[in-house]
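Thanks for coming, everyone. I'll go through one model today, and I'll keep it brisk. Please have the structure up on your screens.

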Amino acid sequence: MVCPSGPESTGRLSFTQGLIVGQLSVVLILAAFIKFFIFGDPPSSDTSASLRATERRARTLAHKQSLLSLRSSSQRHGQALNRKKSSVLRNQPALTIGSILSKTYYNVDGHQPESLDWFNVLVAQTIAQFRSDAQHDDAILDSLTKALNGTSRPDFIDDIRVTELSLGDDFPIFSNCRIIPVDEDGLALGNGIKFDAASAARDGTRLQARMDVDLSDMLTLAVETKLLLNYPKKLSAVLPVALSVSVVRFSGTLSISFIPSNPSQSSPTMMTFSFLDDYRLDFSIRSLLGSRSRLQDVPKIAQLVEARLHRWFDERAVEPRFQQIALPSLWPRKRNTRGPEDTLGDGVGSVGRARGKEVARDLRDETHLGDAGRRGPAPSLRHRRPLNTNNEPEFSMPGSLLSVNIGAGP
C-alpha cells in the first residue's frame with residue numbers, strides 16, 4: 001500500500017502540526033501561570049515595604065510640588081469684614097502662635113522630644129474598655145457581619161461569615177512627641193527655614209504635634225465565603241474560599257493639628273490627624289481554596305489582599321489625605337454634670353449626702369420643738385416669718401437698719 005502524496009497529505013500534516021503546537025502552547029502557558037502566578041515566591045516583606053514607601057514618598061513630593069506651583073501662580077487676597085462689635089466684651093489681643101508658645105514656655109527650635117507614658121496609659125485603658133464592650137453580646141461581630149454583607153457585595157460572592165475575630169492583647173506605644181510649625185497646607189517648614197513667631201499669623205502658620213507610634217500585636221479577622229459561577233447558568237460552579245488577615249506590626253508617625261472654629265461659617269473646631277508616608281504596616285495573610293483538593297496559602301492572593309489593604313489605608317489616613325473630626329463644646333453645662341446625687345435613683349447615697357439628710361432632720365426637729373409652746377397650729381416652713389410681740393409676722397427691708405421694721409398691720 002502506497003501512502004498518498006500530494007496536497008491532501010501536506011494539508012493533513014500541517015493541520016496535525018498546528019494542533020500539536022497549539023496544545024503545547026496552551027499547556028506551557030497554563031504551567032507558567034500556575035508556577036509564577038499561583039505558586040511563585042512572593043518578594044520579601046522588606047522589599048515590598050521599601051517599594052511601597054518609595055511610591056508613597058513620590059506621591060507626597062508630587063503633591064508638595066503642585067501646592068508650591070499653585071502658590072507661585074496665584075495670589076490670595078483676604079478681606080476683613082467690618083462688623084459692629086459689642087462694647088461690653090473687652091477687646092482681647094490677637095492670639096498668635098508666638099504668644100501661645102511664649103506663654104506655654106515652648107521653644108519649637110530647641111525643645112527636646114517628650115515621652116508620652118501618661119498618654120499611653122490613657123490610650124491603653126480606652127482600648128481595654130473597647131475590647132470589653134466589643135465582647136458584650138457579640139456587638140462587634142454583628143456589626144462586621146452586616147458591613148461585610150452590605151449592598152456593595154458583588155453577585156459572584158456568597159454570604160460572608162466571620163469565623164475568627166481577635167482584637168489583640170497589646171497596646172500601641174506613643175513616643176517622641178514634638179511640636180512643629182507647619183504652613184496653611186499642613187506642610188512642615190524646610191530644614192533651612194527658621195520659625196518666625198512675628199510673621200506666623202500673616203503666613204498662616206499653625207502648630208502640629210507629631211509622635212511616633214509602634215504596635216506589635218496580632219489583630220486577626222478570618223472569614224469564609226464561596227465564589228459563585230453564574231454563567232452559562234446560575235450556580236454552574238462553587239468554589240469555597242477561606243481567608244485570614246492578621247495585622248502583625250504597625251509603626252509610623254502620627255500628626256495631629258487643630259483648625260480653629262469659624263463663626264461666620266458656623267463651623268466648629270476641628271481636629272485633624274494623619275500618618276506620614278514613612279509608615280510600616282505588616283500583614284500575615286493565609287488562604288484556603290477548594291473543598292476537596294485544597295490550595296493553601298496561595299502567594300498571589302496574599303499579595304492582592306495586602307495591596308488592597310495598603311491602598312485602603314493610604315486613601316484615608318496617609319498624607320496628603322487626613323481624617324477630620326469635629327470637637328464638641330467644652331463649656332461646662334448642667335446636663336453634662338455628674339456627681340454623688342446621680343446614685344440616688346439606685347438607693348445608694350454618698351457620705352456627704354447622708355450627712356446633709358441628718359442636718360435637715362435635726363433642723364426640722366428643732367423647729368417643731370420651738371413652735372410647740374406657741375398658740376395655734378404651727379405654720380409651715382415655707383410660709384413662716386418672724387413674729388413680733390403681737391404674734392404678727394414682720395418683714396425686714398433689705399438694706400435697712402436693724403431697728404427699722406415694717407409691720408404687716410398698723
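How many salt bridges does the count come to? The count comes to 11. Keep in mind that this is a predicted model. I'll take three of the pairs in turn, then the pocket, then the surface and the backbone.

Start with Asp277 and Arg57. Their side chains meet in a salt bridge, at 3.3 Å from N to O. The pair links distant parts of the chain, 220 residues apart. Asp277 sits in the loop between β5 and β6, while Arg57 belongs to helix α2, residues 45-73. Now look at burial on each side. Asp277 has a relative accessible area of 5%, so it is buried, being under the 20% cut-off. Arg57 is at 36%, so it is partly exposed. So this pair has a buried acid and a partly exposed base.

Next pair: Glu224 and Arg161. The closest N and O atoms of this salt bridge are 2.6 Å apart. Glu224 is in strand β3 and Arg161 is in strand β1, so the bridge ties together parts 63 residues apart in sequence. Is Glu224 buried or partly exposed? Glu224 is partly exposed, with a relative accessible area of 33%. Arg161 counts as partly exposed too, at 48%.

Third pair: Arg249 with Asp214. Here the closest N and O atoms are 3.5 Å apart. Again two strands are involved: Arg249 lies in β4 and Asp214 in β3, so parts 35 residues apart in sequence are tied together. Arg249 has 36% relative accessibility and counts as partly exposed. Asp214 is partly exposed as well, at 30%. As general background, side chains of opposite charge can pair when their charged atoms come close.

Now the pocket. How much space lies in the largest pocket? About 2,300 Å³. Its lining is made by 50 residues. Which of them lie nearest the centre? Leu221, Val245, Val247, Leu309 and Trp312.

Several elements give two or more residues to that lining. On the helix side, they are α4 (117-135), α5 (139-148) and α7 (299-317). On the strand side, they are β1 (161-166), β3 (206-229), β4 (237-259), β5 (270-275) and β6 (280-289). You have met some of those strands already: Glu224 is in β3 and Arg161 in β1. By class, the lining has 40 nonpolar residues, five polar and five charged.

On to the surface. Phe156, Leu227 and Leu239 make a nonpolar patch of about 250 Å². Take Leu239 from that group. Leu239 is found in strand β4. Its relative accessible area is 35%, so Leu239 is partly exposed.

Leu239 also takes us to Leu289. The two are 50 residues apart in sequence, yet 7.1 Å apart in space, C-alpha to C-alpha. Leu289 is in strand β6. Is Leu289 buried or exposed? At 16% relative accessibility it counts as buried, whereas Leu239 is partly exposed.

One more pair of this kind: Ala128 and Phe171. They are 43 residues apart in sequence and 8.7 Å apart in space, again C-alpha to C-alpha. Ala128 has its place in helix α4. With a relative accessible area of 37%, Ala128 is partly exposed.

Last topic: backbone geometry. Most residues other than glycine have a negative phi, and most peptide bonds are trans. Three places here are worth a look against that background.

First, the peptide bond from Glu319 to Pro320 is cis, with omega near 15 degrees. Where is Pro320? In the loop between α7 and β8 (323-326).

Next, Asn176. It is not a glycine, but its phi is positive, about 55 degrees. Asn176 is placed in strand β2, residues 173-182. At 29% relative accessibility, Asn176 counts as partly exposed.

Then Asp297. Its phi is also positive at about 55 degrees, and it is not a glycine either. Asp297 sits in the loop between β7 (295-296) and α7. Its relative accessibility is 32%, so Asp297 counts as partly exposed.

To recap: the salt bridge count is 11, the largest pocket holds about 2,300 Å³ of space, and the bond from Glu319 to Pro320 is cis. That's it from me.

Definitions and conventions: Residues are numbered from 1 along each chain as its sequence is written. This is a predicted model: local features need pLDDT of at least 70, side-chain atom pairs count only at pLDDT 80 or more; totals for chains, interfaces and linings use all residues. Side-chain values use heavy atoms; hydrogens and water are left out. On a 1 Å grid over the protein atoms alone, a cavity is a set of points where a 1.4 Å probe fits but cannot get out, and a pocket is an open set with protein on both sides within 12 Å along at least five of seven lines; lining residues have an atom within 4 Å of a point. Grid points are joined across faces, edges and corners, and a volume is the space filled by probe spheres set on the points. Helices (H or I, at least four residues) and strands (E, at least two) are DSSP runs, numbered from the N terminus. Ala, Val, Leu, Ile, Met, Phe, Trp, Tyr, Cys and Pro count as nonpolar, Asp, Glu, Lys and Arg as charged, and the others, Gly among them, as polar. Patches are made of residues with over 30% relative accessible area and no salt bridge: like charges are joined within 9 Å, nonpolar side chains (Val, Leu, Ile, Met, Phe, Trp, Tyr) within 5 Å. Accessible areas come from the Shrake-Rupley method with a 1.4 Å probe; for residues, only the protein chains shown count as cover. A salt bridge is a side-chain nitrogen of Lys or Arg within 4 Å of a carboxyl oxygen of Asp or Glu. Buried means under 20% relative accessible area, exposed over 50%, partly exposed in between (1.4 Å probe, protein chains only).
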